[in-house]
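Colleague: I should like to learn how burial, nonpolar cores and salt bridges are read from a set of coordinates. May we work through an example together?

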Amino acid sequence: MSRIAYVNGRYVPMRNAVVHVEDRGYQFGDGVYEVCEVRGGELIDRRRHLARLKRSLELRIRMPMTEAALGVVLREVIARNRIGYGTVYMQITRGVARRDHAFPTPEVRPSLVVTARSLQRTRNETLAARGIAVVSVPDNRWGRVDIKSIGLLPNVLARQTAIEKGAREAWLIAKDGTVTEGASSNAWIVTSAGNVVTHPADRAILRGITRMVLFETLKARGLAVEERPFTLEEARNAREAFLTSASQTVMPVVSIDGRPVGDGKPGPVATALRREFHRFAERG
Ligand code: PDD
């Protein structure tokens, strides 16, 4: 079965799913995106993801359709691709115009693309049972990474470094030695005192939806979260480490730069949070 994408008003087979060469997303990375988890064929946390999308559009890119209409398109792409377990991706750019750095005239319509893909659930569960390795990489991104911009070159380079070093994710290190977040995930540790720590949601990280839902999961378990920057050194000496993202929910981290975290196995806090996460996430 051919995959189907939504491109500017039409559902088309992937091979015909194309945008103009002068789309500002292609020319300048002038666009924003969202990724939602799909589980049991249903969107997870659509409401929160669309709220964040709206916030990213503060870049003065117009929402191409109502939120309700976008919800219909997302569900249609999931259905047409028969996604049970996977992700749905949506991207909005400032549209197609002759290449010029300044914004185009107001009548230029934003471009909207939606795609979906299946993920192998057993593969993810095997990974989570083993835990993953991360490596540290300097955080050299721009100052507004709270906006989910499609301009991801530093993230791409960081992830490639991780892969080449045999790890699955890169943890980005600010100039002061603190861990901001992962190349496409938020970073967490459990300190030797048992406190769960993650970077505050300021302009230095993306305010992860999984991160937000996990706050509720932690609260229900009676665990307090410390929202503060933590250093790479502190992470290396942590009892546990893990990351969060829509596609991986809670993923235990068992080594940093080749050195084991705790006993080098997924920790009990991360494991419990992964198990309980979907009780707190919204369906549909
Ligand atoms: N990435 N930080 C960054 C830099 C991210 O790209 C992401 C998500 C997150 C976690 O956000 P959330 O919990 O809302 O997925 C944090 C998506 C999955 C991606 O780029 O594929």
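Colleague: Does E42 count as buried, partly exposed or exposed, and why?

Modeller: Please note at the outset that this is a predicted model. Burial is read from the relative accessible area, where partly exposed covers the range between under 20% and over 50%. E42 has a relative accessibility of 34%, so E42 counts as partly exposed.

Colleague: With which residue does the side chain of E42 meet in a salt bridge?

Modeller: The partner is R283, with an N to O distance of 2.9 Å. This pair joins distant parts of the chain, since E42 belongs to strand β4 (residues 42-43) and R283 to the segment after α8 (268-280), 241 residues apart. R283 has a relative accessible area of 47% and is therefore partly exposed.

Colleague: Which residue forms a salt bridge with D30, and are the two buried or exposed?

Modeller: The side chain of D30 meets that of R94 at 2.7 Å, N to O. D30 is located in the loop between α1 (24-28) and β3, and R94 in the loop between β5 and β6, so this salt bridge ties together parts 64 residues apart in sequence. Both D30 and R94 are buried.

Colleague: How many salt bridges does a search of the whole structure find, and which residues are linked in a network?

Modeller: The search finds 23 salt bridges. A network of them links D45, R47, R48, E216 and E282. Another salt bridge is formed by D139 and R141, whose closest N and O atoms are 2.9 Å apart. R141 counts as buried because its relative accessibility is 15%, and the cut-off for that class is under 20%.

Colleague: How should one read the nonpolar cores?

Modeller: In soluble globular proteins, nonpolar side chains tend to be buried together. Here the largest nonpolar core has 23 residues, and those touching the most other members are L53, L70, L74, V88, M90 and V114. At least two residues of this core come from each of β3 (31-39), α2 (46-56), α3 (67-80), β5 (86-93) and β6 (111-118). The greatest contribution is that of α3, with five residues.

Colleague: Which residues is M90 in contact with, leaving aside its neighbours within four places in sequence?

Modeller: M90 is in contact with V32, Y33, E34, C36, L50, L53, L70, L74, V113 and V114. Apart from the largest core lies another, of 20 residues, including A128, V134, A238 and V253.

Key: Residues are numbered from 1 along each chain as its sequence is written. This is a predicted model: local features need pLDDT of at least 70, side-chain atom pairs count only at pLDDT 80 or more; totals for chains, interfaces and linings use all residues. Side-chain values use heavy atoms; hydrogens and water are left out. A nonpolar core is a set of buried Ala, Val, Leu, Ile, Met, Phe, Trp, Tyr and Cys residues joined through side-chain atoms within 4.5 Å. Buried means under 20% relative accessible area, exposed over 50%, partly exposed in between (1.4 Å probe, protein chains only). Helices (H or I, at least four residues) and strands (E, at least two) are DSSP runs, numbered from the N terminus. Contact means heavy atoms within 4.5 Å. A salt bridge is a side-chain nitrogen of Lys or Arg within 4 Å of a carboxyl oxygen of Asp or Glu.
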